[in-house]
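Thanks for asking me to look this one over. Here are my notes, kept short so that you can check them against the view.

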Amino acid sequence: MTATAPARVGVLGGGRMGAGIAHAFVLAGSRVVVVERDGAAAGEATRRIHESLHGSVRRGTTARTPEDLVAAVDVGTDPAVFAGSGLVIEAVPEDRALKLAALRRAEAVMSADAVLASNTSSIPIDELARGLRRPGRLLGLHFFNPVPVSALVEVVLGTATDPDVGAAATEWVAALGKRAVVVRDSPGFASSRLGVALALEAIRMLEEGVASAADIDAAMELGYRHPVGPLRTTDLVGLDVRLGIAEELRATLGERFAPPGLLRDLVAAGHLGRKSGRGFYEWSDG
Ligand SMILES: NC(=O)c1ccc[n+]([C@@H]2O[C@H](COP(=O)([O-])OP(=O)(O)OC[C@H]3O[C@@H](n4cnc5c(N)ncnc54)[C@H](O)[C@@H]3O)[C@@H](O)[C@H]2O)c1
């Protein structure tokens with residue numbers, strides 16, 4: 001049997017990630033309702049989602065017309081529209097208090113058997129579940145940016161997550177044409193933890209003069225078939241972003257995630273990677 005997406009999906013927060021998530025479910029055949037914080041933000045979200053859907057038509061990733069796709073999305077400011085959604089995904093900014101309030105507001109109008117998901121990149125699902133009346137219906141759905149072309153979603157199971165919720169979410173991810181990896185709620189999930197571990201070791205090797213940045217990256221690209229080496233990836237993600245994740249992982253998982261001095265020094269000097277023009281490499285297109 002082929003996987004199907006929920007008939008109606010709610011998205012809370014139509015920013016970079018929320019717009020991409022809305023896009024992905026529309027293409028999978030869902031009707032999507034997006035709720036923003038105010039009218040101005042709703043206008044911005046509408047523009048973002050429409051532009052993204054038109055992009056898919058231009059690239060030929062769908063045979064549907066732009067009018068048909070756009071008609072499948074409604075953007076507003078009242079969470080009451082989540083009442084008929086089988087799945088609601090929260091994608092508001094990465095702030096604990098904001099997310100807790102947003103999740104509670106969504107849960108209050110959702111039906112008892114609907115699934116609530118958070119797109120958090122770092123807040124434990126168990127922490128978010130504590131504020132809810134039905135913690136068993138919550139899980140993490142960690143999408144990657146840009147959502148429409150990214151092939152991965154981490155399905156993060158909290159201690160309280162009902163088994164049927166994890167199974168349904170895995171099927172919905174398949175309906176989006178993406179690969180689900182199922183992860184127990186733990187710091188950095190699978191992707192950030194492993195990606196940062198590799199990057200920190202590469203930075204330590206550079207610090208110790210083991211090899212040049214280009215040679216360390218080439219070792220992984222050509223020897224292990226990584227599409228992009230760990231130092232170049234860190235330049236693309238942002239050295240400040242990776243330093244922040246490393247500090248959080250050090251606090252929760254221990255000294256093996258202690259950020260190397262070189263990473264701290266580069267961030268302190270404003271060398272943040274591609275976006276600042278220099279990181280481990282020089283960039284002219286940031
Ligand atoms: N950007 C990434 O690469 C990425 C990747 C994976 C996960 N995430 C996670 O996704 C979440 C969203 O990130 P983003 O990059 O899309 O942020 P963003 O700032 O682009 O979007 C957040 C949106 O939420 C809206 N918002 C704020 N308060 C709200 C409220 N109370 N109710 C409804 N909407 C509200 C904002 O108006 C904005 O449109 C964060 O938790 C982030 O950690 C981001």
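The points below go from the whole chain to its two parts and then to the ligand.

1. Please keep in mind throughout that this is a predicted model. The chain holds 11 helices and 8 strands, and its C-alpha atoms fill a box of roughly 60 × 45 × 40 Å along the principal axes.

2. How does the radius of gyration of the chain sit against that of a compact globule? For 286 residues a compact globule would come out near 19 Å, and the chain has 20 Å, so the two agree.

3. The domain assignment splits the chain into domain 1, residues 8-184, and domain 2, residues 191-276. Taken over C-alpha atoms, the centres of domain 1 and domain 2 are 30 Å apart.

4. UniProt, in an unreviewed entry, places the feature "domain: 3-hydroxyacyl-CoA dehydrogenase NAD binding" at residues 9-185. In the model, residues 9-185 are 40% helix and 22% strand, with 23 Å between the end C-alpha atoms of the span.

5. For residues 188-283, the unreviewed UniProt entry gives the feature "domain: 3-hydroxyacyl-CoA dehydrogenase C-terminal". What is the helix and strand content over residues 188-283? Here the chain is 61% helix and 0% strand, and the end C-alpha atoms lie 28 Å apart.

6. Now to the ligand. There are 21 residues around the ligand, and those that come nearest are M17, E36, E94, K99 and S121. By class, this shell has 7 nonpolar, 8 polar and 6 charged residues, a mix that you may like to colour in your viewer.

7. Which elements each supply at least two residues of the shell around the ligand? They include helix 1 (16-27), helix 4 (96-109) and strand 6 (138-143).

8. Three polar approaches to ligand oxygen atoms deserve a look. From K99, a polar side-chain atom lies 2.7 Å from an oxygen atom of the ligand, and K99 is also among the residues that come nearest to the ligand. R37 likewise uses a polar side-chain atom, at 3.2 Å from a ligand oxygen. With R16 the partner is a polar backbone atom, 3.0 Å from an oxygen atom of the ligand.

9. How much of the ligand's accessible area does the protein cover? On its own the ligand has 830 Å² of accessible area, and the protein covers 80% of that.

Key:
Residues numbered from 1 in each chain as written. Predicted model: local features only at pLDDT ≥ 70, side-chain atom pairs only at ≥ 80, totals over all residues. Heavy atoms only, no water. Domains from an automatic or database assignment. Near = heavy atom within 4 Å. Polar contact = N/O pair within 3.5 Å; in protein donor to acceptor, adjacent residues only side chain to side chain. Areas by Shrake-Rupley, 256 points an atom, 1.4 Å probe, with all protein chains shown as cover. Helix = DSSP H or I, 4+ residues; strand = E, 2+ residues; numbered from the N terminus. Nonpolar A, V, L, I, M, F, W, Y, C, P; charged D, E, K, R; others polar. UniProt positions renumbered as here; feature names shortened; annotations may be inferred. Rg over C-alpha atoms; globule rule 2.2 N^0.38 Å.
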